[in-house]
Amino acid sequence: MANNSTPASGNKPSGRAKSNTNSTKQLQKRIEQIIDSPQTSHLLGYLCYFLLLCLSISFVSYLFTWRTDDSYIKTASLLDIFTNSDIYTDNWLGRIGSYLSNLFIYRWLGLPAFGLLYLLYLTAQKLLGHRSEWLGIRYRNTLVYMLLASVTFSWFAFGLAWSFPVGGGIGNVIQIWLHGFGNMIGSAAILLFLWFVALSVLSEPIWDWVRVALPLQVVRFLHQLRRIFSPAAIHDDEVYQANALEQNSAKTKRNNTPKTQASTRTDDESEAEEDPTLSQQGKQAELDFEAPNTHTTILNPTKKDTNKDRSGELLLSINETTREIAPTVLAPPSDTPIVERQPSHIESNNADDDLLNGREEYDPKLDLSRYKRPPLDLLDEYGRDLYAEDRLAIDKEELERNKKQILETLGNYGIDIVQISATPGPTVTLFEVVPAAGIRISRIRSLEDDIALSLSALGIRIIAPMPGKGTIGIEVPNQHKEIVSLRALLGSDKFKNAKMDLPIALGKTISDEDYIADLAKMPHLLLAGATGQGKSVCLNAILVSLLYKKHPAEIKFVMIDPKKVELSLFSIIEKHFLAKLPDESEPIVTDIKKVISTLNALCIEMDQRYDLLKRAYVRNIREYNAKFKQRRLNPDKGHRFLPYIVLVIDEFADLIMTAGKEIELPLARLAQLARAIGIHLVIATQRPTVNIITGTIKANFPVRVAFKVTSKIDSRTILDQGGANQLIGRGDMLLSIGGDIIRLQSAFIDTPEVERVAEFIGDQQGYPSAFLLPEYRDDDDGGGGKSSTSPENLELDDMFEDAARLIVQHQQGSTSLIQRRMKLGYNRAGRLMDQLEKAGIVGANQGSKPREVLVYDEYELDAYLQKMKKR
């Protein structure tokens, strides 16, 4: 029994062994957490900065003290540097500085060793989170350039007999080896060749020039090297291969038709070549089987097999005229039977005819794959650290003084307070008080002006009661107000990690918390307030937030600016983020007639998108784009990736006063229906009156922002309640969302910052043109002159001629005149006046003034009527 139980018990680990294993795992996990923690990365980043400073001092000092230092350091070991005090050096960093300078400059790379400072700088930036890209390519390129520069400097030093080690020991050894079989001229030729190859392979601008200027054999050789060393070239080949496989079968079928065995281009292909705005898929997958002006080399060479079908083998094609590198497909032998295979983008008869299986997801960003989002360095820092211990904006003395004044004022009116607490914010401090039992809230609310008088402050606002709390809030402006920097909001984790479709940084709450909202869920935003209270700054903050978060393929802006100056800074990003009408030259819409056409074009775009959603059996733009990225929707059936569209209108009141219903009707239609298909509205106005912000507008803008206004009536127009008239201005605002009112301090961004962000984006490669909206033709868009609508197409009233003669006789284009003299109702008289206008007899409506009569006497009228009848 004992023998049987011994092995069994031996297989089970003891309690101590389990404890040791768990302790080891916990220690390992703890070490991994320490290594991966941001604190460790920051510590290493600052250490790199320290090393950068030390090496900079020692390298610069070495340029002046190298003769003295090398005489002592050449024979010294690293141990002697730390232990032997007899070693004398003139280096500014002492013995360790002399040793490091001698090692990197004299023994290794010479003057190109200064490139190590650049590598340390990049490493520190990466560790501190200031750079997000992968730095391996920069490291490799810098080291290659440093090595070539070291050999080149040694070549010059060898020829000119310089004593200073400009090329270092490594460069000197390589130069002596090159000089041994090529002398000075031969080694110079080799160096020039190596520089040419390195720059062509590693530098994109040089490669663009080489591809055009040099013979095809050289270009093909360099491209093979680029595929080894350059990820950009490998990425291009992968894109080309994926698109080539997609159309392989379709091209094979077209080439094998009995009509002709030669490779012919269809009309669609010719049009695609002429169209510079080809989409990513159509442009990269333009393939030919028999191109007479192409040379081909195999991308992935394999063993030759004469019996193997090579119909699907990809070849690299370099066009002699454009020098564009693209794949082609080797045509199959004539005696090889062709098995027709339906391409993945051709419709099938199955129920799931839109499913495209076996392919990678579509990435809309590939058209601008090198686009870089603006860095935070383009924005300025404002204010102080709100969480620092030495914060000066609101000190304890001010808080205690305000508490005492509030308690004293309320006590003077017989209101006892049980508890009072303060929550300081950037511009406003919220005091929450709990009154004693039996105190009516209306008594505290009525003391608003008395509390403001005792505190000697403007903008006192009482919230009675606080939503969701058993307290009464008293908002008191701070004496020292903080500026909320947009840079701080965009750099916060809350914005960086926001899982939102359209995140916008609005500002900070009175409790000092960052407020990030999702425009896609709002879904529209109305900004209103008096002049100079921060509407345009808030509008710029919203736009810049979206520019920092989204790629040009994901969002487009339609900007309408009647003042012509507020949004003009964004015109340089036309080919990246803006949308406009097809025939318009200006990216920012400023003309009223073009505003009407733009809004109606957006309505057409909305209807088209709803048709796409209907055919895709989805309910919103997120589901549609997800399905399209998975290649489950067929582009040949009209499906396309749908970017978000944000309509931005600055000074909405001017549009309503000028165009009225022509603006309000399409705008209301967009506000009611456009949410699901990704069209969102941001509207700003400085006249928050009921004739501007109508009931239709308010009903479809559930999220509204009110800046300081002059009267309580204006506040009720915007928010349906007072409070906006008690704000202190300069970005202080109330946000109405979901029935709640939130007080915020708007994020601040100055005009030069907006200009820098726009220039950074505008300097990058963009699309061939702006995003084009559907074309809209108004009924009255015909030529000028008297007849903007063809008279023969008019359905004229039986009393048209009588009305025309009456108007011409009295030379007064008045609807009431037709009513009185012809004894007609207002509706029929109005229709007659509209027909007279379209026929060119009277001018356009001028409000309360009579219309201008364009026909001056009855003789001219008779001739005009006869001419109309002959037509």
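Colleague: What makes you say strand E11 (residues 555-560) is mostly covered?

Modeller: Six of its six residues are buried, and buried means under 20% relative accessible area, with exposed over 50% and partly exposed in between (1.4 Å probe, protein chains only). By the way, this is a predicted model: local features need pLDDT of at least 70 and side-chain atom pairs count only at pLDDT 80 or more, while totals for chains, interfaces and linings use all residues. Residues are numbered from 1 along each chain as its sequence is written, and side-chain values use heavy atoms, leaving out hydrogens and water.

Colleague: Which residues of E11 sit on each side, and are they buried or exposed?

Modeller: Ile555, Phe557 and Met559 are on one side, with Lys556, Val558 and Ile560 on the other, and all are buried. In a regular strand the side chains alternate between the two faces of the sheet.

Colleague: Why is E11 called a strand, and E13 too?

Modeller: Both labels are DSSP runs numbered from the N terminus: strands are E with at least two residues, helices are H or I with at least four. Counted that way, the protein chain has 31 helices and 18 strands.

Colleague: And what makes E11 and E13 a pair?

Modeller: Pairing needs at least two bridges found by DSSP; E11 and E13 (residues 644-650) have six, running in the parallel sense, so they count as paired. Phe557 stands opposite Val646 in E13.

Colleague: Which residues have the most contacts inside the largest nonpolar core?

Modeller: Leu506, Leu525, Phe557 and Leu647, in a core of 114 residues. Helix H21 (residues 592-616) gives the most to this core, eleven residues. A second, separate core of 23 residues includes Met822, Ala829, Ala839 and Leu861.

Colleague: Why are those called nonpolar cores?

Modeller: The name goes to a set of buried Ala, Val, Leu, Ile, Met, Phe, Trp, Tyr and Cys residues joined through side-chain atoms within 4.5 Å.

Colleague: What is Leu506 in contact with, leaving aside neighbours within four places in sequence?

Modeller: Contact means heavy atoms within 4.5 Å. Among the partners of Leu506 are Tyr515, Ala517, Met522, Ile542, Met733 and Leu735.

Colleague: Why do you say the buried residues of H22 line one face?

Modeller: In H22 (residues 621-629), Ile621, Tyr624, Asn625, Lys627 and Phe628 are buried. Seen down the axis they fall within an arc of 160°, so they line one face of the helix; the arc is that of the directions from the helix axis to the C-beta atoms. These buried residues pack against H21 and E13.

Colleague: What makes the link between Asn620 and Arg622 a polar contact?

Modeller: The cut-off is a pair of N or O atoms within 3.5 Å; within protein, one must be able to donate a hydrogen and the other to accept it, and residues adjacent in sequence count only if both atoms are side-chain atoms. At the start of H22, a side-chain oxygen of Asn620 comes to within 3.2 Å of the backbone nitrogen of Arg622, so the pair qualifies. H22 is followed by Arg631, with a positive phi near 60°.

Colleague: Is Val537 buried, partly exposed or exposed, and how do you know?

Modeller: Its relative accessible area is 25%, so Val537 is partly exposed. Val537 lies in helix H19 (residues 535-549). Val537 and Phe748 are 211 residues apart in sequence, yet 6.4 Å apart in space, C-alpha to C-alpha.

Colleague: Which other residues have a positive phi, and are they buried or exposed?

Modeller: Asp720 is one of them, at about 65° although it is not a glycine; with 46% relative accessible area, Asp720 is partly exposed. Lys823 has phi near 55°, and at 75% Lys823 is exposed. Lys823 is found in the loop between helix H29 (815-822) and helix H30 (826-838).

Colleague: How many disulfides are there, and how do you know?

Modeller: Zero; a disulfide would take a pair of cysteine sulfur atoms within 2.5 Å. Cys54 counts as buried at 16% relative accessibility, and Cys603 does so at 5%.

Colleague: And where are the cis peptide bonds?

Modeller: One runs from Ala464 to Pro465, with omega near -5°. Another runs from Met522 to Pro523, also with omega near -5°. Pro523 is found in the loop between strand E9 (514-518) and strand E10 (525-528).
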